[in-house]
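Thanks for asking me to look this one over. Here is the structure, followed by my notes.

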Amino acid sequence: MEDLSYLGFSSRWAASLAQRHNFNEEKQAELAYAIEILALNIVNTALILTLGWILGVFWCTVACLITIAAFRHNAGGGHSESPWRCALVTMMVFPLLALAGRHAGLWPSTFRDSLTVISLITGFALLIIYAPVDSPKAPIVSPLRRQRLKKLALSVMVILAVIITGLRFTSWEKASEVRMCLVFSVLWVSFNLTPWGHQFWCFIDGFMIRPERRCSG
Amino acid sequence: MKKVAFRFSGLLVAILTVVGNMSPMCVLFHYQPEVPASLRK
C-alpha cells in the first residue's frame with residue numbers, strides 16, 4: 001500500500017477487502033481512505049448529536065451540523081493533525097454553537113439583526129478571499145476544481161443567507177434560535193478559513209507550528 | 001457476522017469507492033486523512 005498513515009482499523013479492513021478482491025495497492029489505499037472518512041464522520045456525528053441531546057439542544061445541533069457540512073465540503077478550512085483531538089474539540093464546539101444560538105435567540109431584536117448582518121458579510125468576504133482552503137494531505141490540484149468549489153461555497157452561502165433572512169421574518173416560534181445557530185455556524189466556518197483558524201488548530205495540536213501546515217497564513 | 005461481511009464485500013467496496021471519490025476533502029470535521037494520489041483532483 002502507498003506509504004500513507006491511516007488508523008489501524010482502516011488499514012486492516014482495507015487489506016482484508018483488497019485480498020478478497022485481488023486489488024492492487026493503489027485501490028487498497030483508496031479503500032482505507034474511504035473507510036477512515038466514513039468511520040470518523042459517523043463516530044463524530046454520533047458523539048456530537050448525543051452531547052447535543054444531553055444538553056437539550058438536539059435540533060439546534062442538527063442545524064449547526066447541516067450548515068457546517070454544507071460549507072466545509074466546498075470551502076475546506078483548518079484541520080487538526082489528530083483524529084482524536086479533532087473529535088474532542090468538534091464534539092464540544094457543535095453543541096456550544098447550538099447553546100449559544102439558543103441563548104442568543106432571546107437577545108433583543110437589534111442585537112440579533114446586527115449579528116446576522118455581521119455574520120453574512122464576514123461569511124461572504126472570507127469565502128471570496130480564502131475559499132477553497134485545502135491542506136497538504138488533500139491538495140486541490142486542478143484549477144478548474146478550485147473554481148468550481150469556490151462557486152459552490154458561494155452558492156451555499158447565498159442559500160444560507162436566504163434561509164437566515166427568511167427565518168427573520170417568519171412567525172415560527174423556534175425561528176429566532178435556529179437563525180442564531182446558523183449565524184454562529186457561519187462565523188465558525190468562516191473563522192476556520194482564515195490564518196487564525198489554522199493557528200487555532202496548531203494551538204490545539206499542542207503549540208507546535210509545523211512548517212508544512214498553513215499556519216502562517 | 002464475518003460470513004455476512006464476506007458475502008456483501010462487493011457492495012461494500014462499491015460504496016467505499018463512491019465515498020472515496022466523492023470526498024477528497026474533509027466532509028464535516030477537522031481532521032483530514034491523507035488522500036491517496038489516485039483520488040487527488
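The points below go from the overall build to the core, and then to a few backbone details.

1. A word on the source to begin with: this is a predicted model. Please read every value below as computed from that model.

2. Chain A is helical, with eight helices and zero strands. From the N terminus on, its elements simply run α-α-α-α-α-α-α-α. Chain B has two helices and, again, zero strands.

3. On overall dimensions, the C-alpha atoms of chain A fill a box of roughly 60 × 40 × 35 Å along the principal axes. The radius of gyration of chain A is 19 Å, which agrees with the value near 17 Å for a compact globule of 217 residues. Of the contacts in chain A between residues at least 6 apart in sequence, 73% join residues at least 24 apart. Buried residues account for 42% of the 217 residues in chain A, and for 37% of the 41 residues in chain B.

4. How do the two chains meet? In the interface, 26 residues of chain B are in contact with 41 residues of chain A. On the chain B side, the touching residues divide into 16 nonpolar, seven polar and three charged.

5. The largest nonpolar core deserves a look in your viewer. This core has 59 residues, and those with the most contacts inside it include Leu31(A), Cys64(A), Leu97(A) and Cys181(A). At least two residues each come from α1, α2, α3, α4, α5, α6 and α7 of chain A, and also from α2 (9–22) of chain B. The largest share, ten residues, is supplied by α7(A).

6. Cys64(A) is a handy place to start inside that core. Cys64(A) sits in helix α3 (residues 58–75) of chain A and counts as buried because 28 C-beta neighbours lie inside 10 Å. Leaving out residues up to four places away in sequence, Cys64(A) touches Phe94(A), Leu97(A), Ala98(A), Cys181(A) and Ser185(A). The C-alpha atoms of Cys64(A) and Arg179(A) are 10.0 Å apart, although 115 residues separate them along the chain.

7. Next comes α4(A), which carries Leu97(A) among its buried residues. Others in that buried set include Cys86(A), Met91(A), Phe94(A) and Ala98(A), and the set packs against α2, α3 and α7 of chain A. Beyond its neighbours within four places in sequence, Leu97(A) is in contact with Cys64(A), Cys181(A), Phe184(A), Ser185(A) and Trp188(A).

8. Are the helix lengths as expected or not? For α4(A), 22 residues at 1.5 Å a residue should span 32 Å, and the end C-alpha atoms are 31 Å apart, so the two agree. The 30 residues of α2(A) reach 43 Å from first C-alpha to last, close to the expected 44 Å.

9. Finally, some backbone details to check. Most residues other than glycine have a negative phi, and most peptide bonds are trans. Asn22(A) has a positive phi of about 55° although it is not a glycine. Asn22(A) lies in the loop between α1 and α2 of chain A and is exposed, because just 7 other C-beta atoms are within 10 Å. Gly56(A), just after α2(A), takes a positive phi of about 80°. The peptide bond from Ala131(A) to Pro132(A) is cis, with omega near -10°, and Pro132(A) is in the loop between α5 and α6 of chain A.

Definitions and conventions
Residues are numbered from 1 along each chain as its sequence is written. Chains are lettered from A and ligands numbered from 1 in the order in which they are written. This is a predicted model: local features need pLDDT of at least 70, side-chain atom pairs count only at pLDDT 80 or more; totals for chains, interfaces and linings use all residues. Two residues are in contact if their C-beta atoms, placed from the backbone, lie within 7 Å. Ala, Val, Leu, Ile, Met, Phe, Trp, Tyr, Cys and Pro count as nonpolar, Asp, Glu, Lys and Arg as charged, and the others, Gly among them, as polar. Helices (H or I, at least four residues) and strands (E, at least two) are DSSP runs, numbered from the N terminus. A residue is buried if 20 or more other C-beta atoms lie within 10 Å of its own, exposed if 12 or fewer, and partly exposed in between; C-beta atoms are placed from the backbone. A nonpolar core is a set of buried Ala, Val, Leu, Ile, Met, Phe, Trp, Tyr and Cys residues joined through C-beta atoms within 7 Å. The expected span of a helix is 1.5 Å times one less than its number of residues. The radius of gyration is taken over C-alpha atoms; the globule rule is 2.2 Å times the number of residues to the power 0.38.
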